[in-house]
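Good morning, colleagues. Please bring up the sequence and the structure, and keep both in view while I go through them.

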Amino acid sequence: MTKSITIDGKTISFEDGQTIMEAATVAGVYIPHLCHHPEFTPHGSCKLCSVTVNGRACSACTFPAMDGQEILNDTKELNDDRRRITQMLFVEGNHLCPGCEKSGNCQLQAVGYYLNMLDNHFVHFFQPRELDASHPDVLIDLNRCIFCTLCVRASHKDGKDVFAISGRGINKRLIFNAESGLLKDTALDVNDQAAHICPTGAILVKRTGFTVPIGERQFDHKDISEISLEQEQGDHGR
């Protein structure tokens, strides 16, 4: 017997074990997110994918799809909340898009456009965070880290566990698995998935920043909803 959920009135079938995010993606329904990746165990840290399930707020990336669920996703209230979350991410770190070489390829920036974020709303924290350029091929700008843990999960899959999150609250920070605390003394290789998975400009591969000119990058021409569904439907089909 086919099981189904409804998202904004659209009936979607799903398979046992799928989350709401997975079922929605297969059906071509975009739910905004930053910390979700189809290859990794859901983490639920960014909360952008919060939806209303039978009147209850849930993270779509972690909550299982169950027969008969009535889900709201694309509503003014939810998108207003998502916009506030995105604004908080911008002011908590240092995300100056015109000066960032990830501009046009940055998921945080693209989500801001998708949610019609026109200003930062909140006062910037200007937290003093370090930049580590010690590695020969990879640069880390901790000012742009949003603690999505994608690099942590990717490095674990790489079999290296180069990254981890330390501290709480305003003292939270990304740390590296080296006695010196420097990226150059870790096992990170430029070909590792962890070096390429960051949704912001926090992890950058050196000497590649402007290979594709600004204005010709993926989010310069396509909305993040379209690109995200294309990429993740491809991953689900493997």
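Asn79 is buried, since its relative accessible area is 14%, and the cut-off for burial is under 20%. This residue is found in helix α2. I should say at once that we are looking at a predicted model. If one leaves aside neighbours within four places in sequence, Asn79 is in contact with Asp74 and Leu115.

Let me step back to the whole chain. The protein chain has six helices and 10 strands. Its radius of gyration is 18 Å, close to the 18 Å of the globule rule for 238 residues, so the chain is as compact as a globular protein of that length. Taken along the principal axes, the box filled by the C-alpha atoms is roughly 55 × 40 × 40 Å. Of the 238 residues, 47% are buried. The accessible surface amounts to about 12300 Å², and carbon and sulfur atoms account for 51% of that surface.

Two further figures concern the chain as a whole. Taking contacts between residues at least 6 apart in sequence, 64% join residues at least 24 apart. As to charge, there are 23 positive and 31 negative side chains, and the centres of these two sets lie 4 Å apart.

I turn now to the interior. In soluble globular proteins, nonpolar side chains tend to be buried together. Which residues touch the most other members of the largest nonpolar core? They are Leu34, Phe163, Leu183 and Leu188, in a core of 41 residues. Two or more residues of this core come from each of α2 (76–92), α3 (107–114), β7 (138–141), α4 (150–158), β9 (173–176) and α6 (224–236). Apart from this core lies another, with 19 residues, including Ile12, Ala60, Phe63 and Ile71.

Leu183 merits a closer look. Neighbours within four places in sequence aside, Leu183 is in contact with Asp132, Ser134, His135, Val138, Ile140, Val162, Phe163, Phe176 and Leu188. Two of these partners, Phe163 and Leu188, were named a moment ago, alongside Leu183, as touching the most other members of the core.

Next, the helices that contribute to this core. In α3, the buried residues are Leu108, Gln109, Ala110, Val111 and Gly112. In α4, they are Leu150, Cys151, Arg153, Ala154 and Ser155. An α-helix has 3.6 residues a turn, so residues three or four places apart point the same way. What covers the buried residues of α4? The cover includes three strands, namely β8 (163–166), β9 and β10 (203–205).

Let us follow β10, where Leu204 is found. Leu204 counts as buried, at 10% relative accessibility. Its contacts beyond four places in sequence are Glu101, Lys102, Asp137, Val138, Leu139 and Arg144. Leu204 and Ile140 are 64 residues apart in sequence, yet their C-alpha atoms are 6.4 Å apart in space.

The loop between β9 and β10 holds Gly201. Is this glycine buried or exposed? Gly201 is buried, with a relative accessible area of 3%. Not counting residues up to four places away in sequence, Gly201 touches Cys100, Lys102, Asp141 and Arg144. Lys102 and Arg144 are thus contacts of Gly201 and also appear among the contacts of Leu204. From Gly201 to Leu139 the separation is 62 residues in sequence and 9.6 Å in space, C-alpha to C-alpha.

I close with the backbone. Most residues other than glycine have a negative phi, and most peptide bonds are trans. Asn116, which follows α3, has a positive phi near 55 degrees although it is a residue other than glycine. Asn116 is placed in the loop between α3 and β6 (131–132). With a relative accessible area of 47%, Asn116 is partly exposed.

Phe147 is not a glycine either, and its phi is positive, about 60 degrees. This residue sits in the loop between β7 and α4. Where Asn116 is partly exposed, Phe147 counts as buried, at 14% relative accessibility. After α4 comes Gly159, whose phi is positive too, near 85 degrees.

Thank you for your attention.

Terms used: Residues are numbered from 1 along each chain as its sequence is written. This is a predicted model: local features need pLDDT of at least 70, side-chain atom pairs count only at pLDDT 80 or more; totals for chains, interfaces and linings use all residues. Side-chain values use heavy atoms; hydrogens and water are left out. A nonpolar core is a set of buried Ala, Val, Leu, Ile, Met, Phe, Trp, Tyr and Cys residues joined through side-chain atoms within 4.5 Å. Buried means under 20% relative accessible area, exposed over 50%, partly exposed in between (1.4 Å probe, protein chains only). Helices (H or I, at least four residues) and strands (E, at least two) are DSSP runs, numbered from the N terminus. Contact means heavy atoms within 4.5 Å. The radius of gyration is taken over C-alpha atoms; the globule rule is 2.2 Å times the number of residues to the power 0.38. Accessible areas come from the Shrake-Rupley method with a 1.4 Å probe; for residues, only the protein chains shown count as cover. Lys and Arg count as positive and Asp and Glu as negative; His and the chain ends are not counted. The place of a charge is taken as NZ of Lys, CZ of Arg, CG of Asp or CD of Glu.
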